[in-house]
Amino acid sequence: MIKAEITDKELCAHLDSLEEDKLRIFTMADGRIRGALFHGSRFVNQLRAQHKLGILETYILGQASLCAALTIPMMKDMEHTAIKFEGPGSAAGFSVEADSTGYVRGYLFNPHIQLDNALENWDLKPFLGQGNLTFSRIHKDDKYPQNSTVAVEGNNIAQDFASYFAQSEQINTAFNSSIQFDKKGRVIGAAAFYLQVMPQTGGNGRLGSQIDSHVEESEEDKIILRKVENAVKACPSLGLLYSEKEVDSEDIILGLFREFKPTITLKRDIRYDCPCSEENFINYVKNLPKKQLLEMQKESDKPLEIKCENCGSIYTIPFSKIF
């Protein structure tokens with residue numbers, strides 16, 4: 001990836017003053033609940049710079065990418081997940097990918113959304129709409145990815161991710177993501193977390209259920225479910241918290257979920273990155289029919305410009321490197 005520079009000096013100074021971008025994995029309630037919190041203020045600013053996005057476009061791709069990052073600690077061994085939303089709204093959808101090595105990349109199907117009126121809220125239904133969310137997972141030794149698609153509402157990306165896990169994985173999960181903009185439209189804070197109440201023998205569609213859908217929940221299950229839901233509802237805007245530098249990630253985890261006695265088990269880096277390179281694109285172009293390449297060269301003596309859809313990098317490749 002050709003890393004785009006963030007040129008706004010005031011924004012860079014603000015980002016430098018924030019806690020570092022990290023994903024913190026934790027368990028609580030004697031291992032019955034697992035989760036992760038990802039501070040991604042620089043992460044969202046980098047994806048915005050890569051794709052040169054406006055406010056609404058940054059909000060949509062940023063939310064999707066933050067939630068995709070949270071799937072990394074759920075992965076087993078070497079795994080890669082592609083997540084695609086397709087809907088009838090003016091944004092058309094998005095594609096984001098998360099890799100177990102710690103990178104996320106992605107793009108909007110329509111990176112220039114037309115707005116007829118000023119935004120009044122962050123309801124994404126006009127821009128995404130009821131559609132399908134597809135997870136495609138591939139492990140190191142798989143020949144083909146494992147695909148699963150569910151119908152989602154398309155008005156809140158975090159809720160759509162939770163709906164996917166409830167419907168497809170039968171693991172009841174809550175996602176919460178937040179991006180804070182300042183008055184000039186700059187991203188000054190961004191973060192997301194997920195919680196899962198782990199099933200014992202299966203699950204049904206609600207967060208916190210941990211018994212088979214044909215078996216009545218125990219009183220203990222109901223209490224845990226209710227407390228987890230209350231904790232999620234009580235969570236303030238994470239983006240705002242980070243932007244104001246009032247707390248750090250450990251304060252948030254230990255404070256918000258204090259009654260569950262959380263233990264942070266791991267910290268890791270997550271970056272907005274892409275494995276694309278000039279060499280990869282040269283090898284791709286070399287495999288095109290020679291007649292087609294000669295026609296391309298004849299039409300223009302200028303170098304080829306190839307844009308990586310996933311990260312916005314533009315590679316300028318002279319024909320001398322192809323023939």
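Relative accessible area is read here in three classes, buried being under 20%, exposed over 50% and partly exposed in between. On that scale Ala-92, at 28% relative accessibility, counts as partly exposed. The model is predicted, and the values that follow were computed from it.

Ala-92 is placed in the loop between E3 and E4, and its phi is near 70°, a positive value in a residue other than glycine. Most residues other than glycine have a negative phi. A second case is Asp-30, which is not a glycine and yet has a positive phi of about 55°. Asp-30 is found in the loop between strand E1 (22-28) and E2, and with a relative accessible area of 82% it is exposed.

The two strands that flank the loop of Ala-92, E3 and E4, both belong to an open sheet of 6 strands, in which the order is E7-E6-E3-E4-E5-E11 and the pairing is mixed. Strand E7 (146-152) and strand E11 (271-272) stand at the edges of this sheet, and each has a single partner strand, so that one side of each is left without a neighbour in the sheet. Within the sheet, strand E3 (residues 79-86) and strand E6 (residues 131-139) run antiparallel and are joined by 8 bridges, with Ala-82 standing opposite Ser-136 in E6. Helix H3 (residues 55-70) lies across E3, strand E4 (93-99), strand E5 (103-108) and E11, and its direction makes an angle of about 145° with E5.

Strand E2 (residues 33-39), which follows the loop of Asp-30, contains His-39. In contrast to the exposed Asp-30, His-39 counts as buried, because its relative accessibility is 0%. A polar atom of the His-39 side chain lies 3.1 Å from the backbone oxygen of Glu-19. When residues up to four places away in sequence are not counted, His-39 touches Leu-18, Glu-19, Glu-20, Asp-21 and Lys-22, together with Ala-190, Ala-191, Tyr-242 and Ser-249.

Helix packing was examined for helix H1 (residues 9-16) and helix H2 (residues 41-51), which pack at an angle of about 150° with their axes 10 Å apart. Since angles over 145 degrees count as roughly antiparallel, H1 and H2 are therefore roughly antiparallel to each other. The crossing in which H1 passes H2 is left-handed, and the residues that meet are Leu-11, Leu-15 and Asp-16 in H1 and Ser-41, Arg-42 and Asn-45 in H2.

A further pair of strands is formed by strand E12 (residues 304-307) and strand E13 (residues 314-317), which run antiparallel and are joined by 4 bridges. These strands form a hairpin with 6 residues between them, and in the turn Gly-312 has a positive phi of about 80°. Side chains alternate along E12, such that Leu-304 and Ile-306 point to one face and are buried, whereas Glu-305 and Lys-307 point to the other and are not. Glu-305 stands opposite Thr-316 in E13.

The loop between helix H9 (290-299) and E12 holds Asp-301, which counts as exposed at 74% relative accessibility. Between Asp-301 and Asn-117 there are 44 Å in space, C-alpha to C-alpha, and the two residues are 184 residues apart in sequence.

Terms used
Residues are numbered from 1 along each chain as its sequence is written. Side-chain values use heavy atoms; hydrogens and water are left out. Two strands pair if DSSP finds at least two bridges between them. Contact means heavy atoms within 4.5 Å. Axes are lines fitted to C-alpha atoms, for helices over the stretch in contact, and angles run from 0 to 180 degrees between N-to-C directions. Buried means under 20% relative accessible area, exposed over 50%, partly exposed in between (1.4 Å probe, protein chains only). A polar contact is a pair of N or O atoms within 3.5 Å; within protein, one must be able to donate a hydrogen and the other to accept it, and residues adjacent in sequence count only if both atoms are side-chain atoms. Angles under 35 degrees count as roughly parallel, over 145 as roughly antiparallel, 65 to 115 as roughly perpendicular and the rest as oblique. A crossing is left-handed if the near helix is turned anticlockwise from the far one by less than a right angle, and right-handed if clockwise.
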